[in-house]
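Me: I'd like a close look at one part of this model, namely its salt bridges. Could you walk me through them?

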Amino acid sequence: MALSLVAPEFLIERDDEKCIACQVCVRQCANDAHIYDAEDDTICTDSSKCVGCHRCSSLCPTGALNIKKNPLHFKENANWTSQVQTNIYKQAEAGGVLLTGMGNDRPYPIYWDHILLNASQVTNPSIDPLREPMELRTYLGRKPDSLKFKVKSLKGKRQNKNSSASSVQLLTKLAPQLQIETPILFSAMSYGSISYNACLSLARAAAEAGTFYNTGEGGLHRDFYKYGPNTIVQVASGRFGVHSEYLNAGAAVEIKVGQGAKPGIGGHLPGEKVSEGISATRMIPVGTDALSPAPHHDIYSIEDLRQLIYALKEATRYQKPISVKISAVHNVAPIASGMVRAGADIIAIDGFRGGTGAAPTVIRDNVGIPIELAIAAVDTRLREEGIRHQASVIAGGGFRSSADIIKAIALGADAVYIGTSALVAMGCHVCQKCYTGKCNWGIATQDPYLTKRLNPDIGARRLVNLLRAWSLEIKEILGGMGVNAIESLRGNREHLRGVGLSDTDLKILGIKPAGEAW
């Protein structure tokens, strides 16, 4: 075998004085980075197989392990960096496409960190969220141009002391809406890309928190049909698991056109991940690769998209909102406008930091735009065309905290999708090796031995706790602004100021520089 020029990314340090050779690390590492030598009763390490997931160091009973970045230095070169050289070594040895997981990790600007929020002081008193009601409930779906009411007088009828003198009846027929108790949803992650227990954790948490999770493109396992009222079912280019019962099982249907981590290309679930459960759910043979083509082969124009939207509306008897998900790309604003005019009730936009189970590294790192710019561009375009009320906007792609979320809503989003944050809440350490199927935390794997490491009761509880914590923080921020309803903040960019941004950035975001008053 030829010598590999690829140096280990991480180094495993073992304190021999603390190590008791209990073999916990051996059993816990699916990558075989720890090897037990029975003759010497010692454990050896192979750092070249370490992915930096910290499973071994987290569970070591004596704290004998430490995982650190390999300090090996390459000669400094601004163009030929160590990562560039390592990637070339890998491709020269393997001759294939470099794969990765999760979203874009390149050091592009993170605009959330350059946007500051407003706060009330003298003229607009703040609100104490502990003592006064704060409204986070959000309705997603198409809104009417106007509302018509009929007022009925109660004169002459027997009234009690609590009754009013008239009643109001809404005459306008409303389009179907999704009601969420907090403006946060769990983004699309398919059964296949993540484990059964991870899907179950998301479903349970969505039901308990009063929000929704998304099936992704892998269909809906029969065990999860009972969570239908809190489920968004997805229709992707491969049409895996799509049938009439599936479409009517969820509360909404989402057409997946693009994904932030890999705009313009399809998906691939390797055959070794297609177990009997995934086979039945996706309606493909066991062990068969699940290939999703890059385009929908029945969508080549806005008119084609409109046909599919209304076909799904017909299939669900016009009782469910239809969402369309696209990647955040350069012309995202006119695309979103066409989607609204095609009949989409919800526009889901996925920025280039959106996660994935597997994507070509070159695509993930070089295609698409940040979600911050996409939200602002889309909201501005829809307002200028007078159609902003005809569709809700859900933004996704790297939301890390409640601060990111509230800034997104002020930029123009109605709600946000979280994916990577949800996985981290369940234990993910973002090692970016999801595509190997060897997730030591039981999340991005179909290995039964690894899957059972994620307890769905604990996973659901941690997810509910995360949503509760972020919701409380959102209420605190709103109260500090003197705003008592999240609806009042949506698209109100006067509450935002930019710091350390160029004039072009500020123009696209539609915000003023820090220090400039109203």
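To begin with, is arginine 400 buried, partly exposed or exposed?

Reply: Arginine 400 counts as partly exposed, because its relative accessibility is 39%, and the cut-offs put buried under 20% and exposed over 50%. Keep in mind that this is a predicted model.

The partner of arginine 400 is aspartate 113, and their closest N and O atoms sit 2.8 Å apart. That salt bridge ties together distant parts of the chain, 287 residues apart: aspartate 113 is in the loop between β5 (99–100) and β6 (115–117), while arginine 400 is in the loop between β20 (392–396) and α11 (402–411). Aspartate 113 is partly exposed too, given its relative accessible area of 46%. This pair belongs to a total of 27 salt bridges in the structure.

Now for a pair that involves helices. Aspartate 457 and arginine 204 form a salt bridge in which the closest N and O atoms are 2.4 Å apart. Here the link runs between helix α14, which holds aspartate 457, and helix α4 (residues 196–209), which holds arginine 204; the two residues are 253 apart along the chain. Arginine 204 has a relative accessible area of 27%, so it falls in the partly exposed class.

Aspartate 457 also turns up in the cap of its own helix: a side-chain oxygen of asparagine 455 lies 2.8 Å from the backbone nitrogen of aspartate 457, capping the N-terminal end of α14. The helix itself covers residues 456–481, and its 26 residues should span 38 Å at 1.5 Å a residue; the end C-alpha atoms are 37 Å apart, so the two values agree. Just past α14 comes glycine 482, with a positive phi of about 80°.

Further along there's aspartate 414, whose side chain meets that of arginine 490 in a salt bridge at 2.8 Å, N to O. Aspartate 414 lies in the loop between α11 and β21 (415–418), and arginine 490 in the loop between α15 (486–489) and β22 (496–498), with 76 residues separating them in the chain. These two partners fall into separate classes: aspartate 414 is buried because its relative accessible area is 6%, whereas arginine 490, at 25%, is partly exposed. Both belong to a network of salt bridges with shared partners, which also takes in Asp379, Arg383, Arg388, Glu487 and Arg493.

Key:
Residues are numbered from 1 along each chain as its sequence is written. This is a predicted model: local features need pLDDT of at least 70, side-chain atom pairs count only at pLDDT 80 or more; totals for chains, interfaces and linings use all residues. Side-chain values use heavy atoms; hydrogens and water are left out. Helices (H or I, at least four residues) and strands (E, at least two) are DSSP runs, numbered from the N terminus. The expected span of a helix is 1.5 Å times one less than its number of residues. A polar contact is a pair of N or O atoms within 3.5 Å; within protein, one must be able to donate a hydrogen and the other to accept it, and residues adjacent in sequence count only if both atoms are side-chain atoms. A salt bridge is a side-chain nitrogen of Lys or Arg within 4 Å of a carboxyl oxygen of Asp or Glu. Buried means under 20% relative accessible area, exposed over 50%, partly exposed in between (1.4 Å probe, protein chains only).
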